[in-house]
Amino acid sequence: MEVSVSMSPMGQYHTDEFLELIGVSRVPRSTSVFDPGYDLITLEGHLEQSSHLISILKISMACWLIADEDVTRRKIAAATDWNVPTVTGGGPFEIAVAQGQWPAYLDLCADIGVTRIECGQGFTDMPLAASEVVGLAEQRGLEVQFELGKKHGGAFEARFIEELIDQGKRWMDAGAVEVIVEARESAKGVGLFDDVGNVDRAFADRFASAFGLSRVTFEAPTKSSQFALLDHFGREVRLSNVRLEELLRVEIYRRGLHSDAFSKRSLRPAPPTRNAA
């Protein structure tokens with residue numbers, strides 16, 4: 001005698017409901033991903049898959065200035081369609097300032113539709129007052145974030161931390177919405193990271209204490225830097241310079257769904273509040 005098995009219709013069960021069952025709480029968008037020059041189709045595919053996890057998309061370096069302009073504009077439009085804000089990397093701003101063309105740069109950024117610009121003095125000097133830059137940016141409908149640290153200055157030294165914090169506070173007081181802590185694309189021998197990539201947790205704590213975890217973002221371009229900062233601060237820490245293809249890995253670690261995070265008290269899912277039927 002054959003026994004028929006009744007199968008549930010497809011689409012009856014959902015991932016968000018399962019995450020709730022196993023104690024994974026909802027997490028605000030806390031990761032800034034960057035586009036170092038992906039093709040449009042790749043970017044659109046990642047936006048479709050992961051836009052709900054992205055705090056802001058960084059159109060990084062100066063690549064967008066020499067790529068086909070129509071494609072750049074379509075990238076910005078695609079991010080807007082998926083409700084993902086966009087920010088340009090700080091390098092073009094620094095060069096525009098050095099070349100005396102920073103108002104034209106602001107005009108261009110506003111015209112292509114980005115949400116925000118990044119300012120800094122990672123490899124140049126900054127002769128402009130924070131209030132002047134933020135004021136002109138806001139007139140064009142642009143937000144401003146400021147990056148702390150030098151790209152070629154090596155790892156932070158204790159004697160400079162307070163200067164960086166004071167600098168960040170000046171920009172925040174002028175209207176910048178966020179400060180970014182430099183780590184480039186290596187997270188070695190720069191910013192919070194020593195020559196082998198170990199993070200200085202005491203320095204990280206000083207930035208977090210000065211600005212709050214909701215207003216400071218730590219560049220974390222590598223797996224080890226991402227995991228180290230999540231281990232130290234927990235799931236609330238804001239990370240940037242994460243490549244699009246690495247976003248999901250960062251986010252499962254943030255939620256305690258990665259094998260290396262499940263044992264961490266600050267990341268492991270909470271005990272389930274209800275049982276599956």
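**Notes on the model: a buried glutamate, the barrel and the ring pairs**

1. Let's start with E94: its side chain reaches the backbone nitrogen of G122 at 2.7 Å. Keep in mind as you look at this that the model is a predicted one. On the secondary-structure side, E94 belongs to helix α5, residues 90-98.

2. So what about a charged partner for E94, and how far away is the nearest side chain of opposite charge? That side chain is K151, at 5.4 Å. A salt bridge would need a side-chain nitrogen of Lys or Arg within 4 Å of a carboxyl oxygen, and E94 has none even though it is buried. For E94, then, the contact to look at on screen is the one with the backbone nitrogen of G122.

3. Now the barrel. It is closed by 8 strands, in the order β1-β2-β3-β4-β5-β6-β7-β8, and the pairing is parallel. On average, neighbouring strands of this sheet are turned by 30° against each other, direction ignored.

4. Where do strands β1 and β8 meet? Strand β1 (residues 31-35) and strand β8 (residues 238-243) run parallel and are joined by 3 bridges. If you want a spot to zoom in on, F34 stands opposite R243 in β8.

5. On to the aromatics, where the count comes to 6 pairs. Take W64 and Y105: the ring centres are 6.4 Å apart and the planes sit at 45°, so this pair is tilted. The limit for pairing is 6.5 Å between centres, and tilted covers plane angles that are neither under 30 degrees nor over 60.

6. W64 sits in helix α3 (residues 63-66) and Y105 in helix α6 (residues 102-112), so their pair ties together parts that are 41 residues apart in sequence. Are these two residues buried or exposed? Both W64 and Y105 are buried. There is a third ring to add here, as ring pairs link W64, F93 and Y105 into a cluster.

7. The other pair I'd point out is F227 with Y253. Here the centres are 3.7 Å apart and the planes at 15°, so the rings are stacked. F227 comes from helix α10 (residues 223-233) and Y253 from helix α11 (residues 247-254), so the pair ties together parts 26 residues apart in sequence.

8. Why do F227 and Y253 count as buried? The cut-off is under 20% relative accessible area. F227 counts as buried because its relative accessibility is 8%, and Y253 because its value is 1%.

Methods. Residues are numbered from 1 along each chain as its sequence is written. This is a predicted model: local features need pLDDT of at least 70, side-chain atom pairs count only at pLDDT 80 or more; totals for chains, interfaces and linings use all residues. Side-chain values use heavy atoms; hydrogens and water are left out. Helices (H or I, at least four residues) and strands (E, at least two) are DSSP runs, numbered from the N terminus. Buried means under 20% relative accessible area, exposed over 50%, partly exposed in between (1.4 Å probe, protein chains only). Two strands pair if DSSP finds at least two bridges between them. Axes are lines fitted to C-alpha atoms, for helices over the stretch in contact, and angles run from 0 to 180 degrees between N-to-C directions. Lys and Arg count as positive and Asp and Glu as negative; His and the chain ends are not counted. A polar contact is a pair of N or O atoms within 3.5 Å; within protein, one must be able to donate a hydrogen and the other to accept it, and residues adjacent in sequence count only if both atoms are side-chain atoms.
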